[in-house]
Amino acid sequence: MRLLNRSAGRLSRHRRGPLAGLVVLLFGLLLTGGLYAAFSPASAEKTGTDAEQIAEGRKLFLTSCSFCHGQNGEGITTRNGNQLGPSLIGVGGAAVDFQVGTGRMPLVQPGHQTTPKDVTFNDEETAALAAYVQSLGAGPDIPSEALYSTEGLSEEEREELAVRGGQIFLTNCSACHNFEGSGGAMPRGKVAPSLQKTSSKHIYEAMLTGPGEMDNFSNGNIAPEDKKAVIAYLEAIEENPDYGGFGMGGIGPVSEGMYAWLVGIGGCVAFAFWIASHTTRTDKKPQAAGGEADQ
Amino acid sequence: MGVLPNPLGRSHGTKAAKANKPNRGAAAAEWADDRLGLATAAKKQIRKVFPDHWSFMLGEIALWSFVVLLLTGVFLTFWFQPSMAEVEYQGSYDELRGVEMSQAYASTLDISFDVRGGLLLRQMHHWSAMLFIAAMLVHMMRVFLTGAFRKPRELNWVIGGLLILLGIVEGFAGYSLPDDLLSGTGLRIADGLVKATPVVGTYMSFYMFGGEFPGDEIIPRLYMVHILLIPGLILALIAAHMLLLVYHKHTQWPGPGRTEENVVGYPMMPVYAAKAGGFFFIVFGITALMGGLLSINPVWKYGPYDPSKVTAGSQPDWYMGIAEGLLRIMPGWETHIFGKTISWNVMLPGQIAPMVLLTMVLAWPFLEAWVTGDKREHHLLQRPRNAPTRTAFFVAMMSVYGLLWAAGGNDILAVQLGLSMEGITYFMRVAVFAVPVIVFIFVKRWCISLQRHDNETLLHGYETGVIMRSPEGGYTERHLPISESRAFTMTARDRDVVLDGSEPVDANGVEAPGSRLDGIRHRLSKALFADNVQKPTREELDEGHHHAEEEHAHEIEAGMDQPADGHQFDGRHTVEEESLRH
């Protein structure tokens, strides 16, 4: 008790200090925030029924998407015939989940290509938007996890899938996305993005919906099983160790050439410089070295 | 220097001289020498003198890379199977197991994954191939920019050029052997190049591939070319190159004691044997490090070749980059005559342009010798600045090379720099013609400015950085004369002779025989040498020194030669026991 009194006394000496007010304020804020976090209902709240979700999605759509896509997702055509935003009727939920889930939509500004950025909407909001667009007209919906996930497959099944997927990938995808999915150039400054940090779900949706320049690989074109095989291949080469060492960006011979010149020739020339600048070691007296020039 | 201890022992001792007991090595050497006579043959060579300069070792990088290529290449032949027969892969790489592929590709995968040390050696082989050609190029740059190709070395220059060409073909053949997706894509381009030959193109292509591309003949054929034909030619040409090097003696930088008749440097034994031998291990070590740490040509990711597949980032190895660039920026021009197509869009960039570029560089020594009419031997090198037009020509060629290189990687550049691929292509179409002209003018003026600066230094001394303030308040920088040896080195060059073609006809109005050619020669002479700054004459130098002395006397008169505090540390005086005066 005495100890407490003493320390309280020591504390109270500071009560009129210049920082006392600030400290009390901070303490109070911390307490309020902590209590709120502890007692507020956790995010366990169930997503409501479909109708509720669609209504929620429509609200979000009206605030964030309708400026370009129209108030009912019908698309807006500008006066000179360009599209401000395409119609979303019949596009389906998978496209929304891809575009919004990778941060491509909503656009910061119209441009030649939508690029991924920080995601604006959380998972629930994305799902609500997808549900709303899906309700506008049936299109490919968000795939269920069983379609793209390789979880739960045996080692052999996964391997067999990856081998098949590799052949499909090299036939259909590598022309734009590069042999290991590290991306490539497209006409007019567009790019085929790297696939290495894209989630399996988004890769599946991209194949299904063909965003941007990409072809649409519908289920009749590449069957769902084969889409999963492509994903299994990409996962497999991602998991492989770098067999040959540092991959230098995985963009083929251009970076190899750069390293040959910078590291290889650069290193050799540096050593040549070193060798030529070191003369023979000799224990002769300096004047004896005068004879060298006579040679 | 380089005196070996006398094997007969001391000859000025108090005891009678007697031979040391020969050791076992010496006995063995003597046994061999009695039968082979190597000592007599080698005596001259082991005392061959090499001058010391880092740029004289660039060719050595190429030589040692070639040795690494031979060593690693032999290892690879033990496992590589040059066959296009279809097999089902059953090796260790999971993602291709069960896939149908050619035996060549399957055995490359085996070398990479199932042969101990195979991937390391394969990567070393590839890296050293890249270094081999790169080193040849930098060596060529050195030789060209220093004028080392002049008489008597013109033929060695041509041999060097052929070596570069052969090295590139050899590299391309090796790149094609694994039969992966990139190999096949490269071969498809080669097929296109061959087919672009008017009239006989298709026949040549069918002959080469043993039928329609890709056929099943090309890999075994390329294998023979890659491991026997071209290496044999390269080896023979390297031997000729080195023999000529020994015969001509090494070139050297001018300097006191260095003339056209001698070579100043260190002898082969023991100094250069150690330096060059050590350099082999350094080159080997760098290649081994790169082979061990940096992944090159990961064929398992490319997959087996299939004409229906292609990948983004399909590029050749760097030395084919300019051919790739030429192809990529060429507009799609074609002519149709009598139902035949002439593909200018492939023939010009693929067949004609590379040969024109190569011929231009190979022919330069002959052109220069013809213009100057100089029949003397040259063993002293020129500084690049002292041949401004030549240097400017070569740097302009380098700029073309660099631009075409960049054009060959236009897709990678577009992605990495956020540019448009077409934008790069359109830019390059103009730049490959415009930039070399700008570079030529710029480099020529730069060289001439450096020549002027040299003359300044010779006549007025170097800038000491010592600023003197006169009693009137004016400031001057003190110049001090450069050392005699430096002045000698800077002036050890010939004056350029400019031919003046003012009299194409003689007094009777008769054209001299061959005067048109002479006219060209005179014009070229003017272009090559007229703008150069010549070194100062003896009188000018004397006057310059006289002027400096006068100035100095004037300074003494004006009381400005005071030992100004701190200025004793100008590097021209001994400063032991000196301290700052107050």
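**Two interfaces, put to the definitions**

Biologist: How many salt bridges does the rule find across the interface of chain B and chain A?

Modeller: Two. This is a predicted model, where local features need pLDDT of at least 70 and side-chain atom pairs count only at pLDDT 80 or more, while totals for chains, interfaces and linings use all residues. Residues are numbered from 1 along each chain as its sequence is written, chains are lettered from A and ligands numbered from 1 in the order in which they are written, and side-chain values use heavy atoms, leaving out hydrogens and water.

Biologist: Why is the meeting of the B:R97 and A:E159 side chains called a salt bridge?

Modeller: The rule wants a side-chain nitrogen of Lys or Arg within 4 Å of a carboxyl oxygen of Asp or Glu. B:R97 and A:E159 come to 2.5 Å, N to O, so the pair passes.

Biologist: What makes a polar contact, and how many residue pairs between chain B and chain A have one?

Modeller: You need N or O atoms within 3.5 Å; within protein, one must be able to donate a hydrogen and the other to accept it, and residues adjacent in sequence count only if both atoms are side-chain atoms. Between chain B and chain A, 16 residue pairs qualify, both residues being at pLDDT 80 or more. On chain B's side of this interface, α10(B) gives the largest share, ten residues.

Biologist: How many residues of chain B and chain A are in contact?

Modeller: On chain B 72, and on chain A 58; contact means heavy atoms within 4.5 Å. The area buried between the two chains is about 5,300 Å², with 67% of it from carbon and sulfur atoms. That's accessible area (1.4 Å probe) lost on putting two parts together, summed over both. B:W54, B:E95 and B:K301 lose the most in chain B, together 13% of what that side buries.

Biologist: And inside chain A, which domains does the assignment give?

Modeller: Domain 1 is 21–142 and domain 2 is 144–267, with bounds from an automatic or database assignment. Their C-alpha centres lie 28 Å apart, and 13 residues from each domain take part in the contact. They bury about 1,000 Å² between them, 59% of it on carbon and sulfur atoms. A:F98, A:H112 and A:Q113 supply 44% of what domain 1 buries there, more than any other three residues.

Biologist: What makes A:D97 and A:K201 a salt bridge?

Modeller: Their side chains meet at 3.1 Å, N to O, which is within the cut-off, so the name fits. Across the interface of the two domains, the rule finds one salt bridge, and four residue pairs are in polar contact.

Notes. Helices (H or I, at least four residues) and strands (E, at least two) are DSSP runs, numbered from the N terminus.
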